[in-house]
Amino acid sequence: MTVHDIMIILVMTFPMAIFTIYPGILLSNYLEKHYSIKESQKRSVMVVVTFLSALLLSSLLYYV
């Protein structure tokens, strides 16, 4: 894996975020409902899940 590969994957992450916002929202709402987390924690979960799933999706699209 070169620096070029990493840069391509990171650039592809931003458009993939459009497709991965919904799972992040669903998971954060589920955690808020069942585990009564605070609003700041809910937003953090939403951002982290969205970014990681977008990174995973763009990596899969690049290598497969």
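**Entry 1. Terms and model**

I began with the term helix: helices here are DSSP runs of H or I with at least four residues, numbered from the N terminus. By that rule I placed Lys42 in helix α2. I also noted that the model is a predicted one.

**Entry 2. The chain as a whole**

I looked up the secondary structure and found two helices and zero strands in the chain. I then turned to the overall dimensions. Along the principal axes, the C-alpha atoms fill a box of roughly 40 × 20 × 15 Å. The radius of gyration of the chain is 14 Å, whereas a compact globule of 64 residues would have one near 11 Å.

I next looked up burial and surface. I recorded that 17% of the 64 residues count as buried. The chain exposes about 4,800 Å², and 75% of this is supplied by carbon and sulfur atoms. For contacts between residues at least 6 apart in sequence, I noted that 69% join residues at least 24 apart.

**Entry 3. Helix α2**

I followed helix α2 from residue 39 to residue 63, a run of 25 residues. From its first C-alpha to its last, α2 reaches 36 Å, close to the 36 Å expected at 1.5 Å a residue.

Which residues of α2 are buried? I listed Lys42, Thr50, Ala54 and Ser58. I then asked what these buried residues pack against. Their partner is α1, which covers residues 3–35.

**Entry 4. Lys42**

I returned to Lys42, since a lysine stood in the list of buried residues of α2. Why does Lys42 count as buried? Its relative accessibility is 13%, and buried means under 20%, so Lys42 falls within that class.

I then looked up what Lys42 touches, leaving aside neighbours within four places in sequence. Lys42 is in contact with Ser28, Asn29, Glu32 and Ile37.

**Entry 5. Salt bridges**

I recalled that side chains of opposite charge can pair when their charged atoms come close. How many salt bridges are there? The count comes to two.

In one of them, the side chains of Glu32 and Lys42 meet, with N to O at 3.0 Å. This pair links distant parts of the chain, as Glu32 belongs to helix α1 and Lys42 to helix α2, ten residues apart. Glu32 has 29% relative accessibility and therefore counts as partly exposed, while Lys42 is buried at 13%.

I also found a salt bridge between Glu39 and Arg43, whose closest N and O atoms are 3.4 Å apart. Both of these residues lie in helix α2, four residues apart, which is about one turn of the helix. I checked their exposure as well. Glu39 counts as partly exposed because its relative accessibility is 38%. Arg43 has a relative accessible area of 52%; exposed means over 50%, so Arg43 is exposed.

**Entry 6. Ser28**

I looked up Ser28 after meeting it among the contacts of Lys42. Ser28 is found in helix α1. Is Ser28 buried or exposed? Its relative accessible area is 0%, so Ser28 is buried.

I then examined the polar surroundings of this serine. A polar atom of the Ser28 side chain lies 2.9 Å from the backbone oxygen of Ile25. Not counting residues up to four places away in sequence, Ser28 touches Ile37, Lys42, Val45 and Met46.

**Entry 7. Summary**

I closed by drawing the entries on Lys42 together. Lys42 is a buried residue of α2, it forms a salt bridge with Glu32, and Ser28 is one of its contacts.

Technical notes. Residues are numbered from 1 along each chain as its sequence is written. This is a predicted model: local features need pLDDT of at least 70, side-chain atom pairs count only at pLDDT 80 or more; totals for chains, interfaces and linings use all residues. Side-chain values use heavy atoms; hydrogens and water are left out. The expected span of a helix is 1.5 Å times one less than its number of residues. Buried means under 20% relative accessible area, exposed over 50%, partly exposed in between (1.4 Å probe, protein chains only). Contact means heavy atoms within 4.5 Å. The radius of gyration is taken over C-alpha atoms; the globule rule is 2.2 Å times the number of residues to the power 0.38. Accessible areas come from the Shrake-Rupley method with a 1.4 Å probe; for residues, only the protein chains shown count as cover. A salt bridge is a side-chain nitrogen of Lys or Arg within 4 Å of a carboxyl oxygen of Asp or Glu. A polar contact is a pair of N or O atoms within 3.5 Å; within protein, one must be able to donate a hydrogen and the other to accept it, and residues adjacent in sequence count only if both atoms are side-chain atoms.
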